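Got the viewer open? Load the model, switch to cartoon view and keep the selection box handy.

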Amino acid sequence: AGEELKPAEVRQLAERVKNARAVEAQLARYRALGAELRYVPLDVRDAVTVEKALDEAREALGPITALVHGAGVLADKRLEDKTLEQFDAVIGTKLRGLLALLRATARDPLKLIALFSSVAGRYGNVGQSDYALANEAMNKLALAEQARRGDACAVRSLMWGPWDGGMVSPALKKQFEARGVAVMPAAEGAAYF
């Protein structure tokens with residue numbers, strides 16, 4: 001488009017393309033195995049859009065029986081250096097996103113709710129005060145949801161360490177390695193899940 005981009009912006013664009021290709025490849029693998037699925041990229045914080053997408057999924061595929069919430073945003077900075085927009089994006093994606101999903105599936109016969117949380121919620125991490133807060137609050141919401149739904153639905157908040165890929169950029173991976181924190185290979189994490 002003739003725009004001048006900074007190297008960080010080029011990396012972000014390249015990462016988006018790489019991630020989109022990875023999603024498409026995985027969807028193709030699922031379809032080859034016979035899975036019927038829908039992939040709808042959306043802002044999980046937008047409750048109206050979430051409800052609409054789930055209504056369309058129910059219409060096409062039937063009732064929703066499992067919910068996996070793995071959305072997250074990082075804006076690693078010291079608290080005094082974070083903007084309100086960054087703080088809101090991090091917390092909102094985890095918590096408003098989860099609340100939108102729980103409201104939208106309140107009448108579904110869910111047998112499983114799996115939440116991708118982080119050990120940062122329990123132990124903290126430099127520059128991740130908002131991320132830690134969001135994950136620990138999500139853990140508490142999982143306990144409340146388990147009590148509300150009872151034994152008919154298994155609710156689990158999985159406090160993962162860092163995965164190799166996804167939200168862990170090459171720069172963040174180097175930071176973890178410098179502190180002696182191993183990142184989990186994505187295939188290993190998927191097998192654990």
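Before you click on anything, here is the yardstick for cover: buried means under 20% relative accessible area, exposed means over 50%, and partly exposed is in between, with a 1.4 Å probe and protein chains only. Helices and strands are DSSP runs numbered from the N terminus, with H or I and at least four residues for a helix, and E and at least two for a strand.

This is a predicted model, where local features need pLDDT of at least 70, side-chain atom pairs count only at pLDDT 80 or more, and totals for chains, interfaces and linings use all residues. Residues are numbered from 1 along each chain as its sequence is written, and side-chain values use heavy atoms, with hydrogens and water left out.

**The whole chain**

Colour by secondary structure: the protein chain has seven helices and three strands, and along the sequence they follow the pattern α-α-β-α-β-α-α-β-α-α. The C-alpha atoms fill a box of roughly 45 × 40 × 35 Å along the principal axes. The radius of gyration is 18 Å, which agrees with the value near 16 Å for a compact globule of 193 residues; this is taken over C-alpha atoms, and the globule rule is 2.2 Å times the number of residues to the power 0.38. Of the 193 residues, 30% are buried.

**Select the sheet**

Now pick the three strands, which form an open sheet in the order 1-2-3 with parallel pairing. Strands 1 and 3 stand at the edges with a single partner strand each, so one side of each has no neighbour in the sheet. The twist averages 15° from one strand to the next. Two strands count as paired if DSSP finds at least two bridges between them.

Zoom in on strand 1 first. Which of its residues are on the covered face? Leu 67 and His 69 are, while Ala 66 and Val 68 are on the uncovered one. In a regular strand the side chains alternate between the two faces of the sheet. Four bridges join strand 1 to strand 2. Show Ala 66 with Leu 112 of strand 2, which stands opposite, then His 69 with its bridge partner Leu 115, also in strand 2.

Slide over to strand 2 (112-118). Six of its seven residues are buried. Seven bridges join strand 2 to strand 3, and here Leu 112 turns up again, with Ala 154 of strand 3 as its bridge partner.

**Add helix 3**

Select residues 84-104 for helix 3. This helix packs on the sheet, touching strand 1 and strand 2, and its direction makes about 170° with that of strand 1. Contact means heavy atoms within 4.5 Å; axes are lines fitted to C-alpha atoms, for helices over the stretch in contact, and angles run from 0 to 180 degrees between N-to-C directions.

Click on Phe 87 in helix 3. Phe 87 counts as partly exposed, at 29% relative accessibility. Beyond its neighbours within four places in sequence, Phe 87 is in contact with Leu 79, Lys 82 and Asp 130.

Next, go to Val 73, in the loop between strand 1 and helix 3. Val 73 is partly exposed as well, with a relative accessible area of 28%. Not counting residues up to four places away in sequence, Val 73 touches Ala 89, Val 90, Thr 93, Tyr 131 and Met 167.

**Add helix 5**

Residues 129-149 give you helix 5: 21 residues reaching 30 Å from first C-alpha to last, close to the 30 Å expected at 1.5 Å a residue. That expected span is 1.5 Å times one less than the number of residues. Helix 5 lies across strand 1, strand 2 and strand 3, at about 160° to strand 2.

Among its buried residues are Asp 130 and Tyr 131, which you met above as contacts, along with Asn 135, Met 138 and Arg 149. What covers the buried residues of helix 5 includes helix 3, helix 4 (120-123) and strand 3 (154-160). Just past the helix end, click Gly 150, whose phi is positive, near 75°.

**Last stop: Tyr 123**

Finish in helix 4, at Tyr 123. Is Tyr 123 buried or exposed? At 70% relative accessibility, Tyr 123 counts as exposed. For a final distance check, pick the C-alpha atoms of Tyr 123 and Ala 89: they are 34 residues apart along the chain and separated by 21 Å.
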